[in-house]
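Open the model in your viewer, set the chain to a cartoon, and keep the selection box handy. We will start with the whole chain and then move from one stop to the next.

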Amino acid sequence: MTAVPTSPRSSVAGLLVFGAAVAAVAVVGAIAAGSAGAQYQQLRLPPWAPPSWLFGPVWTALYVLIAVSGWLVWRRRGLGPAMVLYAAQLLLNAAWTPLFFAAREYGLALVDIVVLLVAVVVLTGWFFRLHRVAGALLVPYALWVGYATALNAAIVVLN
């Protein structure tokens, strides 16, 4: 396990690194989304599908929570197996938008998001054991990914 920084400066630097990693995922999604709003409107959607404008604000808030959560666990435990799962879920998250919107591979996107959901649920439980606040910060993310998984599945069925 890597030593956890003790100085306030290292703490801020660490938060910036986690913020940058999560921002990179957001940028990949933004680039891949392109005309996602128009594409989303053209899909046959279930009646409980959210409006397209909601995704940006929700993901912005979730990305902040994800970054802070990872940073809190890193501060307490350093690099270790939990951070490997944290990185893996970020990669799965980054893969979903290109699969769904850029490639229009709704079935492959569904496989990705199911694996992402499992990773996020496991990570949330793990983070709860390592740092209660960090685990709590991931609960909205787990709930949203669960909802997005159901939405992706409905889109596969309807389209």
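A residue counts as buried here when its relative accessible area is under 20%, and as exposed when that area is over 50%. With that cut-off, 42% of the 159 residues of the protein chain are buried. Please keep in mind throughout that this is a predicted model.

**Stop 1: the whole chain**

Colour by secondary structure. You should find six helices and zero strands. Followed from the N terminus, the elements read α-α-α-α-α-α. The radius of gyration of the protein chain is 16 Å, close to the 15 Å that the globule rule gives for 159 residues, so the chain is as compact as a globular protein of that length. If you turn the view along the principal axes, the C-alpha atoms fill a box of roughly 50 × 25 × 20 Å. Contacts across the sequence are worth a thought too: of those with a separation of 6 or more, 79% join residues 24 or more positions apart.

**Stop 2: α4 and α5**

Now select residues 81-102, which form helix α4, and residues 106-130, which form helix α5. How far apart are the axes of α4 and α5? They are 9 Å apart, and the two helices pack at an angle of about 155°. Since angles over 145 degrees count as roughly antiparallel, α4 is roughly antiparallel to α5. The crossing of α4 past α5 is left-handed. Show the side chains at this contact and sort them by type: 23 are nonpolar, two are polar and one is charged.

**Stop 3: the loop between α4 and α5**

Select Arg104, which sits in the loop between α4 and α5. Its phi is near 55°, a positive value in a residue other than glycine. Is Arg104 buried, partly exposed or exposed? At 46% relative accessibility, Arg104 counts as partly exposed.

**Stop 4: Gln39**

From Arg104, step across to Gln39, since these two residues are in contact. Gln39 belongs to helix α2, residues 36-42. With a relative accessible area of 4%, Gln39 is buried. Beyond its neighbours within four places in sequence, Gln39 touches Phe100, Phe101, Arg104 and Tyr106.

**Stop 5: Thr97**

Go back to helix α4 and pick Thr97. Thr97 is buried, with a relative accessible area of 15%. Which residues does Thr97 contact, leaving aside its neighbours within four places in sequence? They are Gly29, Ala32, Ala33 and Ala102.

**Stop 6: α4 and α6**

For the last stop, keep α4 on screen and add helix α6, residues 132-158. The axes of α4 and α6 come within 14 Å and cross at roughly 30°. Angles under 35 degrees count as roughly parallel, so α4 is roughly parallel to α6. This crossing of α4 and α6 is left-handed. To display the contact, select Gln89, Asn93, Trp96 and Phe100 on α4, together with Tyr141, Asn152 and Ile155 on α6. Those residues divide into four nonpolar, three polar and no charged. You have already met Phe100, as one of the contacts of Gln39.

Conventions. Residues numbered from 1 in each chain as written. Predicted model: local features only at pLDDT ≥ 70, side-chain atom pairs only at ≥ 80, totals over all residues. Heavy atoms only, no water. Axes fitted to C-alpha atoms, helices over the stretch in contact; angles between N-to-C directions. Helix = DSSP H or I, 4+ residues; strand = E, 2+ residues; numbered from the N terminus. Parallel < 35°, antiparallel > 145°, perpendicular 65-115°, else oblique. Left-handed = near helix turned anticlockwise from the far one by under 90°. Contact = heavy atoms within 4.5 Å. Nonpolar A, V, L, I, M, F, W, Y, C, P; charged D, E, K, R; others polar. Rg over C-alpha atoms; globule rule 2.2 N^0.38 Å. Buried < 20%, exposed > 50% of the residue type's maximum accessible area, 1.4 Å probe, protein only.
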